[in-house]
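Subject: The structure, and notes on it

Hi,

Here is the structure I promised to hand over. Have a look at it first, and then read on for my notes.

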Amino acid sequence: MRTAYGVETVRTAERELMARLPEGALMRRAAAGLAAVCAGLLARGGRVYGARVVLLVGPGDNGGDALYAGARLARRGAGVTAVPMDPERMHPGGLAALRAAGGRVEREVPRRADLVLDGLLGIGGRGGLRPAAAALVERIPAGVPVVAVDLPSGVDADTGELAGPAVTAEVTVTFGAYKPGLLIDPGASHAGAVHLVDIGLELPEPELEALQHADVARLLPEPGAASDKYRRGVVGIVAGSAQYPGAAVLAVAGALRGGAGAVRYVGPAAEAVLARYPETLIGPGRVQAWVVGPGLGEGRAGEVADLLAGDAAVLVDADGLRGLDPEVLRARTAPTLLTPHAGEAAALLGVDRESVEAGRLDAVRRLAERYGATVLLKGSTTLVATAGARTVRVNPTGTPWLATAGSGDVLSGLAGSLLAAGLSGPDAGAVGAYLHGLAARRTGGPLTAHTLAEALPAAWRDATAV
């Protein structure tokens, strides 16, 4: 499991560790890890000795990390130039170390470089880049790889939000723990490949966690010797309409590949479903979980209400999300999983879509608490939050290729099947999103919802091959 922690949590852990270490030891640990990653990148390009390295240096500890790392690279023969945001406020120890190693300080960003270190703002930076920092960022030579120190400057460490321009890094070297802003868009798209340097922090329960293959393999349902299709769980699909029969077919396609023993379909698209998937059960019956909403159309709120009044787990998506009553959902004792995209989330919260996209972590937490449910917020980084839980899950396998018609219907069926197979709401949402992303990545480019569903078994095998 990859875990992420907010700024205050990291700061507290750093203070506790620094109290037990000699002065400056923690910064030197961080700088050593940063320099090692930079040296690896330079060696990949040809050499460390003689390479031209530029440090963009802010006034805080983030700038100190860059200076100490630059000193290490200078001792290995790199030509290192530090360009300060404020020449009067450079970290004194880091500056002394750089000069002792033969590094230079200049006021202008050199026109030529092999590597740039962004040490302008640390994890405490808020409100975006100040004019002096933005001016330095604008002068980074085109095409030169940028390594962000702990976090790309301009990205909010706690949320991934941007308050204006931000550094776009090829690599981010972060210290002690991942920060939420490195895993959640839009900040995640600015971080590039993220390397974690362990500096010995002792940390509590995380704010964010991302499943890895081993976690998914542990959670995925596996039939036993005594299993039959009913013991493995039955998922019911209430989806599709005369206008959108394909939504029913795609939801069933995802459900058939989600680990439940059987899929039951209830709705007007039975003929289309059976034509593609004759193994589907048709008509009402006992199920362990329901999926309701994809392609449902208008005027069917009563069907959604009836399912929510029952004692089975329910996943609500798409048209089923319209007009949901928070009081009804909070009164349920069975698991409830809501799977909105940003526009649907905005309607549920009574805000505009732009505010949801700009603050995804806040939005998913507010939705979960308001509706007393587990909420899977689809998007560039899919998030899963549960009412009353501190930790939010972020999906690491997403890809922009999932922005295609019907992919959400496949996800709904898949996650609903995992619910029926016995996974909790948070696990069904997070594992479903993980497999959904893996399947999309296996296609290697443009996809349709049908090809996405067909790739799910291979994604399942990938995740369990650990």
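Below I go through the open and enclosed spaces, then the helix pairs, and then two spots in the backbone.

One thing to keep in mind from the start is that this is a predicted model.

**The pocket**

Let's start with the largest pocket, which holds about 730 Å³ of space. Its lining is made up of 32 residues, and if you want to find the middle, go to H341, K378, L402, S407 and G408, which lie nearest the centre. Four elements give two or more residues each to this lining: α12 (342-349), α13 (353-358), α15 (407-420) and α16 (425-443). The largest share comes from α15, with four residues. As for the chemistry, the lining of the largest pocket counts 14 polar, ten nonpolar and eight charged residues.

**α15 and α16**

Two of those pocket elements, α15 and α16, also pack on each other, with axes 8 Å apart and an angle of about 135°. How should we describe that arrangement? An angle over 145° would count as roughly antiparallel and 65 to 115 as roughly perpendicular, so α15 and α16 come out as oblique to each other. Their crossing is right-handed.

If you'd like to see the contact residue by residue, pick out S407, V410, L411, L414, A415, L418 and L419 on the α15 side. On the α16 side they meet G425, A428, V431, G432, A433, L435 and H436. Sorted by class, this contact has ten nonpolar and four polar residues, and no charged ones. Note that S407 turns up twice: it is among the residues nearest the centre of the largest pocket, and it is also part of the α15 contact with α16.

**The cavities**

There are two cavities of 30 Å³ or more. The largest cavity has a volume of about 50 Å³. Around it you'll find E209, A210, L211, T382, V384, R393, V394, N395, P396, A430, A433 and Y434. The elements giving two or more residues to that lining are β9 (208-210), β18 (392-394) and α16. Here α16 has the largest share, three residues. Eight of the lining residues are nonpolar, two are polar and two are charged. A433 is another one to click on, as it lines the largest cavity and also belongs to the α16 side of the contact with α15.

The second largest cavity has about 40 Å³ of space. A13, E16, L17, R20, G200 and E202 form its lining. By class, that gives three charged residues, two nonpolar and one polar.

**Two more helix pairs**

What about α12, another of the elements lining the largest pocket? It packs against helix α14 (residues 360-371) at an angle of about 50°, and the two axes are 10 Å apart. That makes α12 and α14 oblique to each other, and their crossing is left-handed. From α12, the contact uses A345, L348 and L349, which meet A363, R366, L367, R370 and Y371 of α14. Six of the residues in this contact are nonpolar and two are charged, with no polar ones.

The other pair is helix α3 (residues 61-75) with helix α4 (residues 92-100), where the angle is about 15° and the axes are 8 Å apart. Because of that angle, α3 is roughly parallel to α4. The way α3 passes α4 is a left-handed crossing. On α3, the residues in contact are L67, Y68, G70 and A71, while α4 brings G93, G94, L95, A97 and L98. That splits into six nonpolar and three polar residues, with no charged ones.

**Two spots in the backbone**

Finally, a couple of things to check in the loops. Which residues are joined by a cis peptide bond? They are D185 and P186, with omega at about 10°. To find P186, look in the loop between β7 (171-175) and α6 (188-191).

The other spot is D150, where phi is near 75°, a positive value in a residue other than glycine. D150 sits in the loop between β6 (146-149) and β7.

Over to you, and thanks for taking this on.

Best wishes

Conventions
Residues numbered from 1 in each chain as written. Predicted model: local features only at pLDDT ≥ 70, side-chain atom pairs only at ≥ 80, totals over all residues. Heavy atoms only, no water. Axes fitted to C-alpha atoms, helices over the stretch in contact; angles between N-to-C directions. Parallel < 35°, antiparallel > 145°, perpendicular 65-115°, else oblique. Left-handed = near helix turned anticlockwise from the far one by under 90°. Contact = heavy atoms within 4.5 Å. Nonpolar A, V, L, I, M, F, W, Y, C, P; charged D, E, K, R; others polar. 1 Å grid on protein atoms, 1.4 Å probe; cavity = no way out; pocket = protein on both sides within 12 Å on 5 of 7 lines; lining within 4 Å. Points joined across faces, edges and corners; volume = space filled by probe spheres on them.
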